[in-house]
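Visitor: I should like a close look at a single part of this structure, namely how its strands are paired. Please take me through it step by step.

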Amino acid sequence: MSTNTVKAPNAHDSMFEAVLARLDVAAKLMNLSDEVTQILRNPKKEVKVSLPVVMDNGKIQVFEGYRTIHSTHLGPSKGGIRYAMDVNADEVKALAAWMSFKCAVANLPYGGAKGGIKCDPRNLSVNELERLSRSYAKAMKDIFGVNKDIPAPDMGTSGREMAWMLDEFNKIMGEDCPGVITGKPVAIGGSLGRDAATGRGVMVNTLAAMKKMGMKVNEVSAVVQGFGNVGSHAARLLHEKGIKIVGIGDHTASFYNEKGIDIKAALEFAAKNNRVLKGFKGATEISADQLLISKCDVLVPAALQNVITEENAPKIQAKLIVEGANGPTTPEADPIINEKKIVCVPDILANSGGVTVSYFEWVQNKAGYYWSEDEVNAKHDIKMELAFEQVWNSASTYKTSMRIGAYISALQKIEQGVKLKGSF
Ligand code: NAD
C-alpha cells in the first residue's frame, strides 16, 4: 500500500468536509467525472423537522429531527436513525454519504441516507421515547418507503424504536409494511443474525486481511475498543476463531492482559453489570488512551468516531486496524497510518456486515419467507469476502490505501448507476 495523503480540514470542523476530503482524493485518483463528483458532493435531499412531544410532566418539549438522503443511484436509500445530543445537520449528512459508499462497497442495491433526533435517550422515559419515535415516523411519512427510503437502528436506538416507527407507518399506510424499516425484533419480521452482523463483518474482514498479510490466527493478539453491539460481538467472534483478545474497553473502563482475556467471562460480567465493563476482574485496568496504543497485532476501534488522531497514530503498535465504528480515524491520522505501513480496513467496508444483513431482512420481508441463522450467516460471509476482495484489488490497482481503495470501489459502482440511469 502506498502513502497517498489526504489533505483535509481538522476533523472537528465538519464531519461532512472529512468525507469530501476522502471522496476528492479517490475521485482524482480514479479520474471520476466532474459531474458525478459534483452530484456526490451534494446530498439529494435534507429534511429537518421539529417534533413537539408531550413529556411525562404534561409539558411540551420540542425536539429537532433530521433525515438526509445522500444518493439513490443504486436503489432506495438506506441508513440508520441516531438518538444523541450531538446529532446535527452536518453529522447526519456525513453519515448519509458514508451509507452511500458503504452500500456500494458491499454490493447492495441501495443508496445512502441517515437520520437522527437531537436528544439524550438515557434521560427520557420509555413512554417519552415512544411518543418521540412515533412523532418522528409520522413527520417522515413522505420520506420513508419500502422502495424509497429504509431506516434502521443506529447509536441510541434499537429494535424497540423500529417497532414503534413501523407501527406508526403501518397506521398511516393502512397495511403492514415490514420492509420499510430494518433492525426490527425477529418476532415482527426482523432477521435472525442481524444483532451480531456488524461484529461478524468485522471478524470476516479481519480474517481476510490477516490472510493477505500472512498473519496466523493462533499467533495474533487483538485489542477491541467498545463493548456494545459491534465491539462485544466482534471480540466474541474473533476469540472463537482463536485470536487472543488482549485488550477491551468501553466508556467506563479499559483492560489489558497479555495472556489473553476470557471474553466469555467479560460478556457475562457486562450482561450482569448494566452492560458496562467497570469492575471486571479478568485483566489489569489501564487508561482509555493507553488501550489504543497497547501492544497488539490487530486493533478494532468499535466505539465512536475520531479516536485515532494525529496525536496517538504515531504510537499505535498494531499492524492491522479494522474499523468497527463509523469514522474512528481522523483524516489527519490517515497519512501517519499509511506511512507506518499499517493496513487499515476502513469503516465503509469493515462495518458493512450490519447493513448487509439489514438488506437480507428487507429481502425476506418482501418475499415473506424467512431464513435460518446459518443461511443468513453463510450469505453474509460470501458477500463480505467479495467486498473485501474488490477493495483489496482496487487498493492494489491504484497503489493506494484500503480506505481510498474502498472509496474507489464504491465510486465506480455509483458512477455506473448515475450514467446508466441518466439521472444527472
Ligand atoms: P453501542 O451503543 O452498542 O456501543 C458503543 C460502545 O462504545 C459501548 O461499549 C460504549 O461504552 C463504548 N464507548 C462509548 N464512548 C466511549 C469512549 N469515550 N471510550 C471508549 N468506549 C466508549 O453502539 P454500537 O452499535 O456498537 O456502535 C458502535 C459504533 O459502530 C458506532 O460508531 C456506530 O455508528 C458503528 N456501527 C454500528 C453498527 C451496528 O449495527 N450497531 C453498524 C455499523 C456501524
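Guide: Gly65 has Ile117 of strand 4 as its bridge partner. This pair belongs to the contact between strand 2 and strand 4 (residues 111–118), where six bridges hold the two in an antiparallel arrangement. The model is a predicted one, and the pairings described here are computed from its atoms.

Strand 2 (residues 60–71) also pairs with strand 1 (residues 45–54), again in the antiparallel sense, and this pairing extends over 10 bridges. Within it, Val53 is matched with Gln61 of strand 2. Five residues lie between the strands of this hairpin, and Gly58 adopts a positive phi near 90 degrees there. Strand 2 is thus found in two pairings, with strand 1 and with strand 4. In general, the strands of a sheet pair through backbone hydrogen bonds, in either a parallel or an antiparallel manner.

Elsewhere in the chain, seven strands form an open sheet whose order is 9-8-7-6-10-11-12, and the pairing in this sheet is mixed. Its edges are strand 9 (284–286) and strand 12 (343–345), each of which pairs on one side only. From one strand to the next, the twist averages 25 degrees. At the strand 9 edge, the neighbour is strand 8 (residues 254–256), and the two run antiparallel, joined by three bridges. One of the residue pairs here is Tyr256 with its bridge partner Thr284 in strand 9.

Conventions: Residues numbered from 1 in each chain as written. Predicted model: local features only at pLDDT ≥ 70, side-chain atom pairs only at ≥ 80, totals over all residues. Heavy atoms only, no water. Pairing = 2+ DSSP bridges. Helix = DSSP H or I, 4+ residues; strand = E, 2+ residues; numbered from the N terminus. Axes fitted to C-alpha atoms, helices over the stretch in contact; angles between N-to-C directions.
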